[in-house]
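Here is a brief report on one protein model. It starts with the whole chain and then turns to selected sites.

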Amino acid sequence: MMNRWLLILLTLIYLLFADNSYAQTTTLEMKVNQVLTQEGLVGASWALVDGEKSYLGASGFSNQREQTKLTTQHKTHVGSITKTVMAAGVLALVSDGQLQLDTKVSEILPTLKLVNPWQDTHPVTVAHLLDHTAGIQDARFWHLVNTQAKADSPLDTVFNKDMDLLEVKVRPGSQFAYSNIGYNLLAMVIEAATGLRYEEALRLHLLEPLKMLDSTMTFTSQAGPFTDERLTYGHLDHGQLFAAVPSYLRAAGQFTTTVSDMEKFIRFLLGNGLQDGKVVVDGDLLAQMGQPAEVVSYQAGLHIGGSKGLWRRDRNQTLGLCHGGNTAGFKGMLCLYPEQSKAFFVMVNTDSETANYERLNKLMVEALHVQSPKAISHQAYDASDWYGWYAPTIYRYGNFTYLDKIFSTYVLKPQGENLVFSSIQSSGDVLSPLGDGLYAAQQRVSPSHVLMRDVDGTPMISNGFSTYKRVDKSGVIGLGVSLVLGLLGALYIFLYGGYLFVTRLSKLIQEPMAVAFTMYLAFLLPVPFFVTQSFIHIGDINAASVLLALACAFAPFVCAIAGVQHVRLKRTNTLNLLALVAFLQWMLVMGYWGLIPLTLWNI
């Protein structure tokens, strides 16, 4: 009996005075399990770095169907956190003398047809691709959801259907504009400079020197010829298993790793660029990660934004250098706090539309005891010259510019001494003035927005990641009115045309509105095919997508016939004709912006 109590006493003393990493890890795992359950997530693995200490952990399942426990030995996909690894690899190549950041992309890739109006004074460089400041758009829909890509599909395949992706929209270097396409170009630069596939070049110059031996840039999956038995399954909502498929944008989001290897990577990023006494990345280059010094918003005093694979991120009352990752079946976050020698990596093997992943990030921050920066003081600022309507300087997804012009146009207006920056789809940010054009959104510990002017004097506002320029509201209102009228016309055709279709089917040819209603029957045709196929097939040419495109083409055609029929039959119901005209004008507008017919395999 005495021995038992002595053992308990010694255990308590150990927990109180010895390294409490076990207790800390156990407590964190319990909290993570609670979040996983409450948010409907399958599993999570993480790595915490706190000075000389490291904590690795995992909770939940690797395969929910088979109830396989997720461990720290499982591998994971990391989505766009790949870009941080890619960036470090590029800096390693620069440090080795195989690349230069200020080299023109046109010199390395002479056959690439970049359309740059600023070519003579501001050519696109390697650094611009690395920093998302090349001024080019982001990915297309078909790049992301299709099954046609191969593990070795040429990197330039992404440009085959849309050369507009190579058009530079703003002066290179001036603005941050996230672009997956830019990292595919960066991989092409690596291959041209080294004569190796970029995956192999980064293995030799980064992964092997850092002893990240369980990590690879090459494609891996949970099933098929590229199966890795240690790779955890990705899951969709409701625990649906998802086996990875190759991507045309592999350089922007294809990386397989473990929490142990990410702990090694984190320690390297927090260090001075040396590994085993050898320079892998020049220390000065490493220090530039997360410092977008060339961007105009940064120069205006807003030190939020991205550079060389890391973004300065203001969340959970902390300010860190971070990069998020999201790919089919996975979502996660990498955050470093260099001044405090702390960092975390967390990856969830569930891609949910409803889960609050920020809860897990907050748990990691709390476990590390990351300190908040000093409170910022408010200072009044006269922003009256900036009141008005604002549109993005770059529309990331070109084919959806029409929708962005309506739903991503913001209004900046006063609210006492504060400003409100909101759009149709967003309640907006309430911004408090800090002086000199800087503002902080609620729950932020640093400036989050800055008011500035374009070179022509036009007012602009930036949050470091997106820049908006003041525009004439009439064009936006016109598109909005067109949309509302089109939707009202479509609703009228559905209700009244549907009633006539059901009640006067035998006299269909004499009822123009009933004829117009048949477009809804056409839209029903692809539904069974969409329901029975995986979402990853949406961007393929198949029965579902072809029938949808045909239905989109049929809708304005049949409504035009109904309108002509209405006039020929000399019907006096003006409301019917107005509904048809309202719907047709909307179809014409959508057609002008490339959305009618809706060809999912080409947008």
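Helices (H or I, at least four residues) and strands (E, at least two) are DSSP runs, numbered from the N terminus. By that count, the protein has 19 helices and 22 strands. Its radius of gyration, taken over C-alpha atoms, is 27 Å, close to the 25 Å that the globule rule gives for 603 residues, so the protein is as compact as a globular protein of that length. The globule rule is 2.2 Å times the number of residues to the power 0.38.

This is a predicted model: local features need pLDDT of at least 70, side-chain atom pairs count only at pLDDT 80 or more, and totals for chains, interfaces and linings use all residues. Residues are numbered from 1 along each chain as its sequence is written, and side-chain values use heavy atoms, with hydrogens and water left out.

**Whole protein**

The C-alpha trace spans about 100 × 60 × 55 Å along its principal axes. Of the 603 residues, 52% count as buried. Buried means under 20% relative accessible area, exposed over 50%, partly exposed in between (1.4 Å probe, protein chains only). Contact means heavy atoms within 4.5 Å. Among contacts between residues at least 6 apart in sequence, 67% join residues at least 24 apart.

**Helix α16 and the loop after it**

Helix α16 covers residues 512-524. Its buried residues include P512, F517 and A522. Among the elements that cover the buried residues of α16 are α15 (473-503), α18 (543-568) and α19 (574-592).

P526 sits in the loop between α16 and α17 (527-532). Which residue lies 19 places from P526 along the chain, with 7.3 Å between the C-alpha atoms? That residue is S545.

**The loop between α4 and α5**

N116 is placed in the loop between α4 (105-108) and α5 (126-131). Its side chain reaches the backbone oxygen of H122 at 3.1 Å. That is a polar contact (a pair of N or O atoms within 3.5 Å; within protein, one must be able to donate a hydrogen and the other to accept it, and residues adjacent in sequence count only if both atoms are side-chain atoms).

**Two buried loop residues**

The table sets out burial and contacts, leaving aside neighbours within four places in sequence.

| Residue | Relative accessible area | Contacts |
|---|---|---|
| P526 | 2%, buried | A544, L547 and L548 |
| N116 | 9%, buried | H122, P123, V124, V168 and P172 |
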